[in-house]
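Each label put on a structure should be traceable to a value and a cut-off. The questions below ask for both.

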Amino acid sequence: MDDWRWMTATALGQGIAAGDIDPVALTEVYLAAIDAHEHRDRIYARVTHDRARAEAKAASLRAASGLRHGPLDGVPVSWKDLFDTAGVATEAGTKLMEGRVPGADAEVLANATSAGLVCLGKTHLSEIAFSGLGLNPMTATPPCVNDVEAVAGGSSSGAAASVAFGLAAAGIGSDTGGSVRIPSAWNDIVGFKTTHGRLTLNGVVPLCLTFDTVGPLCRSVGDAALLTAAMEGTKAPDLAHAGLQGVRFGLLNTIAMEDVRDAPAAAFARARKGLEDAGATVIPFDFPQMTEAFAFAGALFTADSYAWWRDKVEAAPDKMFPQILERVRGGRDVKAADYIAAWHRLTAIRAEYIAATAGFDAVIMPTAPMLPPNIARLMTDDAYYKVENLLALRNTRVTNLMGGASLTLPTGVPSCGIMLNVSPGQDDRLLRLGAAAEAALA
């Protein structure tokens with residue numbers, strides 16, 4: 001039964017439907033693996049044993065009666081510790097919220113529970129979700145599956161690690177500037193950033209409400225489709241028979257291909273060839289306005305974040321990791337007129353980007369231009385932390401700024417992903433493209 005830990009969520013659901021897998025036994029396999037794991041306390045903030053067992057028992061009874069609530073009914077998953085869980089602490093990776101116990105589940109968690117998903121517990125994250133590295137000395141720093149002395153990527157660090165180490169069938173995270181896709185890429189799994197506004201943020205501790213999104217970290221594109229549908233309360237798109245013949249991918253040169261380090265560059269070149277061999281055409285293009293958008297992006301993110309967090313931050317700044325404190329305080333002095341002007345210009349740039357990419361089925365680039373950095377060096381070298389943190393989120397931030405949907409896929413090279421990006425509202429079409437790309441890269 002230990003092999004269940006490495007199956008896709010889709011395959012586990014199919015096994016339950018066929019009567020080959022009992023949700024109770026499946027959940028116990030995961031709980032036992034979590035409890036025995038050497039990095040348990042670096043990955044899980046809290047394990048919800050009682051809830052998981054109760055939900056698994058209910059799923060087992062439904063399966064026996066032929067009354068399953070959906071294709072993932074009975075499949076156990078983890079939740080980033082900024083999704084509210086009724087009666088269980090939700091602390092967003094910060095001492096500022098220590099002991100906070102919400103009275104109700106986040107809406108996406110409630111929807112997923114209604115679809116039969118089993119909640120294994122809450123995973124660690126970057127403090128207040130404000131870093132692409134996953135380093136969090138205030139609570140815990142999850143390890144990268146390819147190097148336990150390196151960060152897992154953030155901010156959904158524990159979510160990715162829970163899947164990569166076989167401690168959950170999938171993890172649910174959030175993505176504001178790359179927080180689903182960076183840890184997915186660095187841990188060799190699939191990460192899906194939904195269009196902003198598609199999945200509700202009700203009951204999700206915010207970082208930056210104008211950019212926050214919810215998304216799954218999982219083993220396949222099919223899993224991503226089913227998990228998103230479960231959180232939304234809808235039906236997943238049909239991914240069968242997707243292909244790349246005749247597909248046109250744009251390759252964004254501006255920013256995304258600058259200073260890409262050796263391993264990610266080689267992995268991306270190999271993945272690009274795989275897509276081309278499967279019938280796709282890759283067309284490089286420039287978009288100078290992206291440089292302008294990046295120049296004022298920091299003000300948009302930090303001002304929004306500080307507006308929500310400022311009272312908690314200024315009441316107890318000593319409770320925060322100094323690097324995160326400095327970053328969130330970056331929004332303190334952003335002028336309202338500058339903020340509004342920047343949003344006006346970003347709205348125009350988004351329209352220009354949609355027009356510039358209209359001839360492409362998706363835009364591709366390396367998910368991250370570097371490999372996961374070493375934990376010890378990040379803790380002792382402030383300049384190194386700042387450089388690596390900004391670089392980690394550079395490519396993923398493109399789609400957050402442009403408001404679209406994005407998918408990262410493993411390339412077969414450890415901790416190197418390839419990213420597919422589409423315009424807002426094109427999530428389901430992206431999943432079909434992703435399914436085809438996944439097959440081509442297998």
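**Labels and their grounds**

Q: How do you know that strand 12 and strand 13 pair, and in which sense do they run?
A: Six bridges join strand 12 (residues 405-410) to strand 13. Pairing needs at least two bridges. The two strands therefore count as paired, and they run antiparallel. One bridge matches P410 with G417 in strand 13. This is a predicted model.

Q: What makes strand 12 and strand 13 a hairpin, and which residue in the turn has a positive phi?
A: Six residues lie between the two strands of the hairpin. In the turn, G412 has a positive phi of about 95°.

Q: How do you know that strand 11 pairs with strand 13?
A: Strand 11 (residues 362-366) shares four bridges with strand 13, in the antiparallel sense. The cut-off is at least two bridges, so the pairing holds. Within it, I364 has L420 as its bridge partner.

Q: Why is strand 13 called largely enclosed?
A: Six of the six residues in strand 13 (residues 417-422) are buried, so the rest of the structure largely encloses this strand. Buried means under 20% relative accessible area. Both faces are covered. G417, M419 and N421 are buried on one side, and I418, L420 and V422 on the other.

Q: What makes helix 15 mostly covered?
A: Nine of the nine residues of helix 15 (residues 394-402) are buried. Among them are R394 and R397, along with V398 and L401. After helix 15 comes G403, with a positive phi near 80°.

Q: Why is the pair of F211 and F301 called stacked?
A: A pair of aromatic rings is described by the distance of the centres and the angle of the planes. Seven aromatic pairs are counted. For F211 and F301 the values are 4.2 Å centre to centre and 15° between the planes. Centres must lie within 6.5 Å, and stacked planes are under 30 degrees apart. The pair meets both limits, so it is stacked. F211 is in the loop between strand 7 (190-193) and strand 8 (213-218), while F301 is in helix 10, 90 residues apart. Both F211 and F301 are buried.

Q: What makes F211 and W343 a stacked pair?
A: Their rings are 5.4 Å apart centre to centre, with 25° between the planes. The limits are 6.5 Å and 30 degrees, so this pair is stacked too. W343 lies in helix 12 (residues 336-356) and F211 in the loop between strand 7 and strand 8, so the pair ties together parts 132 residues apart in sequence. W343 is buried, as is F211. Ring pairs link F211, F301 and W343 into a cluster.

Q: How do you know that R377 sits over the ring of Y384?
A: The charged end of R377 is 3.8 Å from the ring centre of Y384. The distance limit is 6 Å. K312 lies over the face of W308, at 4.6 Å from the ring centre.

Q: What makes up the lining of the largest pocket?
A: The lining has 13 residues, and Q323, R327, K386, N389 and L390 lie nearest the centre. By class, it has four nonpolar, five polar and four charged residues. Helix 10 (289-315), helix 11 (322-328) and helix 14 (382-392) each supply at least two residues. Helix 14 gives the most, with four. The volume of the largest pocket is about 250 Å³.

Key. Residues numbered from 1 in each chain as written. Predicted model: local features only at pLDDT ≥ 70, side-chain atom pairs only at ≥ 80, totals over all residues. Heavy atoms only, no water. Buried < 20%, exposed > 50% of the residue type's maximum accessible area, 1.4 Å probe, protein only. 1 Å grid on protein atoms, 1.4 Å probe; cavity = no way out; pocket = protein on both sides within 12 Å on 5 of 7 lines; lining within 4 Å. Points joined across faces, edges and corners; volume = space filled by probe spheres on them. Nonpolar A, V, L, I, M, F, W, Y, C, P; charged D, E, K, R; others polar. Phe/Tyr/Trp six-rings, centres within 6.5 Å; stacked < 30°, edge-to-face > 60°. Lys NZ or Arg CZ within 6 Å of the ring centre and 35° of its normal.
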